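Student: I've got this model open and would like a close look at one part of it. Pick a pair of elements that pack together, walk me through how they meet, and then show me what surrounds them.

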Amino acid sequence: MSSMDIHTETTVVHLMRHGEVHNPDGVLYGRRPGYHLSELGRQMADRVAGHLADRDVTHVVASPLERAQETAAPIAKSHGLTLDTDERLIEAGNVFEGKTFGVGDGALRKPGNWKHLTNPFRPSWGEPYLEQVDRMMAALEAARDAARGHEAVLVSHQLPIWTLRSHVERRRLWHDPRRRQCTLASLTSFTFQGDRIVSVGYSEPARDLVPAHLLAGAKPVKGKSKAFGA
């Protein structure tokens with residue numbers, strides 16, 4: 001391949017959020033091991049695998065966490081590919097991992113935790129947004145290089161995906177988590193012309209399987225929570 005081809009070819013890297021997780025206790029699971037897809041989550045993974053079956057996918061990578069690996073597996077299988085793992089795709093670190101999260105019924109009820117909420121712009125309760133951007137961009141570019149002229153799928157988690165997209169689209173990184181456009185099993189797709197990102201797309205192939213209270217912008221429902229640790 002000539003140097004001119006490398007600079008003009010089109011490559012698409014899909015950043016996929018994993019499917020629904022079995023989490024009956026409603027804790028913020030974050031990077032904690034042992035959290036697997038629910039039966040509905042497996043249906044979501046299969047749905048997206050079917051959606052991508054006819055695409056020119058030559059590279060599939062996932063975060064090391066079980067829910068991401070299980071989401072990526074049917075995609076890799078449908079294309080006859082080995083599933084690779086990239087630590088840079090892992091969920092954002094959070095000091096509230098392992099706890100329920102809320103003002104009246106969770107970790108925020110305890111004054112000792114309030115010190116972690118002093119700076120929402122960094123944020124003070126977890127991995128800095130800029131660090132998430134750095135590692136996610138590195139993973140994205142590595143996948144672009146591995147799949148040049150074709151397509152790649154990276155399975156990761158809601159906050160890192162949304163943070164990277166916000167950076168690429170030149171939005172502020174601090175935000176209202178309820179407004180993230182990154183539903184379970186969604187695809188945030190980066191199209192490269194050579195090494196340059198020329199567009200960002202978003203789709204929800206499994207939208208009809210996602211519970212209404214987990215969709216972007218949904219109003220809270222009593223007795224139900226948003227995805228914890230997504």
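Tutor: Let's take helices H2 and H3, whose crossing is right-handed. Keep in mind that the model is predicted. The two axes come within 8 Å of each other, and they cross at roughly 30 degrees. Angles under 35 degrees count as roughly parallel, so H2 is roughly parallel to H3. On the H2 side, Arg42, Ala45, Asp46, Val48 and Ala49 make the contact, and on the H3 side the partners are Glu70, Thr71, Pro74, Ile75 and Ser78.

Now follow the chain past H2. Ala53 sits in the loop between H2 and E2. Its relative accessible area is 37%, so Ala53 ranks as partly exposed. From there, look across to Ser78, which you just met as one of the H3 contact residues. Ala53 and Ser78 are 25 residues apart in sequence, yet their C-alpha atoms are 6.3 Å apart.

What does the pair pack into? The largest nonpolar core has 22 residues, and Met16, Met44, Val48, Ile75, Val153 and Val155 have the most contacts inside it. Helix H2 (39-51), strand E2 (57-62), helix H3 (66-78) and strand E4 (151-156) each supply at least two residues of this core. H3 gives the most, with four residues. Notice that Val48 and Ile75 turn up twice: they are in the helix-helix contact, and they are also among the core residues with the most contacts.

Met44 is worth a stop of its own. Leaving out residues up to four places away in sequence, Met44 touches Gly19, Glu20, Leu184, Ala185, Ala206, Leu209, Val210 and Pro211. Apart from the 22-residue core lies another core, this one of 17 residues, including Leu15, Leu89, Met137 and Ile161.

To get a feel for the surroundings of that second core, try Met136, in helix H4 (residues 129-146). With a relative accessibility of 1%, Met136 counts as buried. Setting aside residues up to four places away in sequence, it touches Leu15, Arg88, Leu89, Ser156, Pro160, Ile161 and Leu164. Three of those names, Leu15, Leu89 and Ile161, belong to the second core. As for Ser156, its C-alpha atom is 9.3 Å from that of Met136, with their positions 20 residues apart along the chain.

Some of those partners lead you into helix H5 (residues 158-168), which is mostly covered, with nine of its eleven residues buried. The buried ones are Gln158, Leu159, Pro160, Ile161, Trp162, Thr163, Leu164, Arg165 and Ser166. Their cover includes strand E1 (10-17), H4, E4, strand E5 (187-193) and strand E6 (196-203). E4 is a link back to where we began, since it also supplies residues to the 22-residue core. Just after H5, Arg170 takes a positive phi of about 60 degrees.

Now zoom out. The protein chain has five helices and six strands, and from the N terminus they run α-β-α-β-α-β-α-β-α-β-β. Of its 230 residues, 50% count as buried. Among contacts between residues at least 6 apart in sequence, 69% join residues at least 24 apart; Ala53 and Ser78, for comparison, have a separation of 25 residues.

Notes. Residues numbered from 1 in each chain as written. Predicted model: local features only at pLDDT ≥ 70, side-chain atom pairs only at ≥ 80, totals over all residues. Heavy atoms only, no water. Core = buried A, V, L, I, M, F, W, Y, C linked by side-chain atoms within 4.5 Å. Buried < 20%, exposed > 50% of the residue type's maximum accessible area, 1.4 Å probe, protein only. Contact = heavy atoms within 4.5 Å. Axes fitted to C-alpha atoms, helices over the stretch in contact; angles between N-to-C directions. Parallel < 35°, antiparallel > 145°, perpendicular 65-115°, else oblique. Left-handed = near helix turned anticlockwise from the far one by under 90°.
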